[in-house]
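Here are my notes on the model you sent, set out as numbered points. Please read them alongside the sequence and the coordinates.

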Amino acid sequence: MSIPLDRAARDLAAAMAPLDLPGRIRLVGATVPGRLVFTTSLGIEDQALTHALAMAKSLDAKSLGRSQSEPGRIEIVTLDTGRLFPETYDVWAETEAAYGIRIMAYAPERVAEEAFVASEGINGFRQSVAARQACCGLRKVEPLGRALAGAAGWLTGLRAGQSANRAETPLAEADAAHGLIKINPLADWSRADVDRFVLDNVVPYNVLHDRGFPSIGCAPCTRAVRIGESERAGRWWWEQESKKECGLHLHPSAAPGSEPRVFETTTRNTSPEMAR
């Protein structure tokens with residue numbers, strides 16, 4: 001890992017810690033030179049961050065359907081796996097309309113996708129962890145590599161409370177694999193903080209959150225959670241907890257199976273319903 005990159009990430013995280021969300025966004029824009037990319041899954045955390053970025057006028061003019069007098073530098077992209085819920089596509093369209101933006105889509109490489117389906121079957125990812133990871137690799141990891149090519153900073157909606165695998169998520173960290181600083185402005189927020197922000201600011205969100213889906217991924221790989229389960233228990237529910245990441249956000253300090261067992265659990269099988 002590059003020592004300067006690691007030091008820059010630690011310094012940025014320390015500077016972000018006492019700031020509110022708008023302050024953190026301004027600091028990132030002023031501190032990290034070069035191309036900045038925000039990858040959204042259209043989940044509730046990412047919707048909160050999209051709203052904050054739009055209000056701060058931090059989105060790149062290329063992502064907007066209209067011009068800005070002082071365009072921001074942060075591009076907003078999403079990974080369209082081809083297996084998303086219809087409700088996810090609905091909130092995608094609603095978000096573009098609400099903020100006057102265009103969210104750039106990165107799709108799986110056609111030849112790789114066709115070869116995987118031909119080899120494993122349309123839902124073959126359920127046959128083994130290796131098959132599921134291969135599916136995530138072609139539908140998420142490879143497109144993410146293209147989305148982040150040449151970027152200096154990568155913004156995400158990750159929170160430490162989402163799962164055991166993410167319990168040590170910092171506000172900023174060096175991402176040696178992509179050669180950039182990974183920035184998680186909501187890392188120290190609770191799910192209640194996110195829900196409150198979305199409610200107070202009338203942010204569009206996926207209606208599946210009101211139906212027991214705190215974390216929403218591909219439709220065949222996501223179910224509603226039960227009382228007492230972690231937020232991401234509904235993701236790849238047929239696998240062991242320690243295996244349940246797609247490969248986009250693996251923390252280098254935590255070997256699979258040895259992650260801290262600290263994360264938020266659900267107290268009801270649906271999210272608090274929020275006024276639209």
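1. Among contacts in the chain between residues at least 6 apart in sequence, what percentage join residues at least 24 apart? In this predicted model, the share is 71%.

2. On confidence, the average pLDDT of the chain is 86, and 82% of the residues score at least 70. Residues 252-263 deserve a separate remark, since pLDDT stays under 50 throughout that stretch, for which the model has 22 contacts beyond four places in sequence.

3. As to the secondary structure, the chain has seven helices and six strands, and read from the N terminus the order of these elements is α-α-β-α-β-α-β-α-α-β-β-β-α.

4. For the chain of 276 residues, 53% count as buried, while the area that the chain exposes comes to about 12200 Å², with carbon and sulfur atoms supplying 55% of it.

5. Both ends of helix H5, which spans residues 110-120, can be described locally. At its start, a side-chain oxygen of Glu109 comes to within 3.2 Å of the backbone nitrogen of Val111, and after the helix comes Gly121, which has a positive phi, near 95°.

6. Glu231 lies in the segment after helix H7 (191-200), and this residue counts as buried because its relative accessible area is 5%, below the cut-off of 20%. The side chain of Glu231 is joined to that of Arg159 by a polar contact of 2.6 Å, so that a description of the buried Glu231 should also mention Arg159 as its partner in this contact.

Notes: Residues are numbered from 1 along each chain as its sequence is written. This is a predicted model: local features need pLDDT of at least 70, side-chain atom pairs count only at pLDDT 80 or more; totals for chains, interfaces and linings use all residues. Side-chain values use heavy atoms; hydrogens and water are left out. Helices (H or I, at least four residues) and strands (E, at least two) are DSSP runs, numbered from the N terminus. Buried means under 20% relative accessible area, exposed over 50%, partly exposed in between (1.4 Å probe, protein chains only). Contact means heavy atoms within 4.5 Å. Accessible areas come from the Shrake-Rupley method with a 1.4 Å probe; for residues, only the protein chains shown count as cover. pLDDT is the predictor's confidence in each residue, from 0 to 100. A polar contact is a pair of N or O atoms within 3.5 Å; within protein, one must be able to donate a hydrogen and the other to accept it, and residues adjacent in sequence count only if both atoms are side-chain atoms.
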